[in-house]
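Thank you all for coming; I would like to walk you through a few places in this structure, so please keep the sequence and the model open as I go.

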Amino acid sequence: MTPNANKGVPRGRLILYALTAFVVALPTIPVYIHLPALYGVELGLGLAATGLFLLLARLFDTVSDPVIGYLSDQYGFRGARRKPWIAIGAVVAGFGLYKILNPPSDVGGLYLLLWSIVLYTGWTMVSVPYLAWGAELVDDYDDRTRLTSWREAMTLVGIFGAGALAAITADMGWASSESIGAIAWLAIGLGAVVIPLLLWYVPDGPVERQGQSTLTGAYFSSVISNGPFLRLLGAWFLNGLANGIPAALFFIYLEFGLGAGEEIRPLFILAYFGAGIASIPIWLKLSKQFGKHRTWCWAMAAAALAFISVPVLPSGAFTAFAIVCLITGMALGADLTLPPAMQADVLDYDRWRFKEERAGIQFALWGMSTKLALALSVGLALPALEVLGFDPDAPTEAGKSAITVIYAFVPVVIKIAAITVVWRFPLTRKRHDIIRHRLKKRQFKLGNMKELTQ
């Protein structure tokens, strides 16, 4: 643990740390939702070519995660471990964001590929050290949940704010490219203020190389020999897959399953993310009473129960589906706040057992599993619809039933599997306190030995 770790974070530092998540989340909707239409349709690059170049960029993005994670664990600058990478990554990401969301009129595929890679590289250089830094700022079981709650709430607010800004500018008659350009400038402007304040006021710890120091098979084998880490990572991946499938089919279900028109669809999104933001303080209180992993399990169970009701909803049951969105949105609040706090506890176990500082590489693998879950969600859900006979040009009752089965039943099965994996998670509050005590005892002994040798 870094020397700056302590029980509790001063409110000012906590706000600065969380605001960075807001800034990073702002471009999410433009990059992941609007970018394909911007390049594929408005700029005439073609959907197939746009999809290919974006796929290549995302594959590079996935591979870069463990590299950045390892480097931020092993190399710093002037006594800081995470700050240098975030500082450089913010500049790279800001430049890439501007270029990719403000393309020339005669844009080509290589332009999209190049600046996508630049953006994703900068984003990774910020996000991976940023998550690892959060795990190192506090060492208390409950305070870690408080920190991740603030961070993930600001993430949701950033996504929500970007969507609201896009809607407002659209109502003002702006073109899509102008709207997302405005979001890009807002993110860059806020980043130019928030990130320097973060780097100046929030403490960071020095690099502490111990044990393995090279990116080798032995290094990764020792990472994956951490049982609690693998268990948590498995549950996180499964739950990400269970959340990603309904996300991939959301608008298809609204149109063909629920019969919702374009004018009402944004209200369901608002209910979902609004419930996620509002529920975070509730999950924080429940985790203090029942523990993080059990609270997360109950949240996943609540989402599964809500999804079970979807296949019996008739067309036009907008109020009933809004309730489903509220319940699953509340579960999203738990999904975003509790598992990362559990991962921070797993890092303490890793330090105690393996005597390594590997927050960066473990959060990098965490990010890789998220990206893989999202990719598989789309890659499995959409072809499955076609296999089961759904045709959007000539929808049949059997095809509509296929939508509800994949949209609702499949995620329920996967969430049950995730609950089974994490229900008996070994790092309870009591066991984590024991590990923290042993780590502090070992640190104290090492400190005394250094004094004796000086």
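In helix α11, the buried residues, meaning those under 20% relative accessible area with a 1.4 Å probe and protein chains only, are Lys292, His293, Thr295, Trp296, Cys297, Ala299, Met300, Ala303, Ala304, Ala306 and Phe307. This is a predicted model, in which local features need pLDDT of at least 70 and side-chain atom pairs count only at pLDDT 80 or more, while totals for chains, interfaces and linings use all residues. Residues are numbered from 1 along each chain as its sequence is written, and side-chain values use heavy atoms, with hydrogens and water left out.

Helix α11 itself covers residues 292–308, which is 17 residues, and it reaches 25 Å from first C-alpha to last, close to the 24 Å expected at 1.5 Å a residue, where the expected span is 1.5 Å times one less than the number of residues.

Turning to the surface, Leu305, Ile308, Val405, Phe409 and Val410 make a nonpolar patch of about 420 Å². The elements that give two or more residues to this patch are α11 and α14 (397–422), and α14 gives the most, with 3 residues. Phe409 lies in helix α14 and, because its relative accessible area is 40%, counts as partly exposed, the class between 20% and 50%.

Finally, is Asn226, in the loop between α8 (217–224) and α9 (227–257), buried or exposed? Asn226 is buried, because its relative accessibility is 0%. Leaving aside residues up to four places away in sequence, Asn226 touches Val346, Tyr349, Asp350, Phe354 and Gln362, a contact being heavy atoms within 4.5 Å.

Note on methods
Helix = DSSP H or I, 4+ residues; strand = E, 2+ residues; numbered from the N terminus. Patch = residues over 30% accessible without salt bridge, like charges linked within 9 Å, V, L, I, M, F, W, Y side chains within 5 Å. Areas by Shrake-Rupley, 256 points an atom, 1.4 Å probe, with all protein chains shown as cover. Salt bridge = Lys/Arg side-chain N within 4 Å of Asp/Glu carboxyl O.
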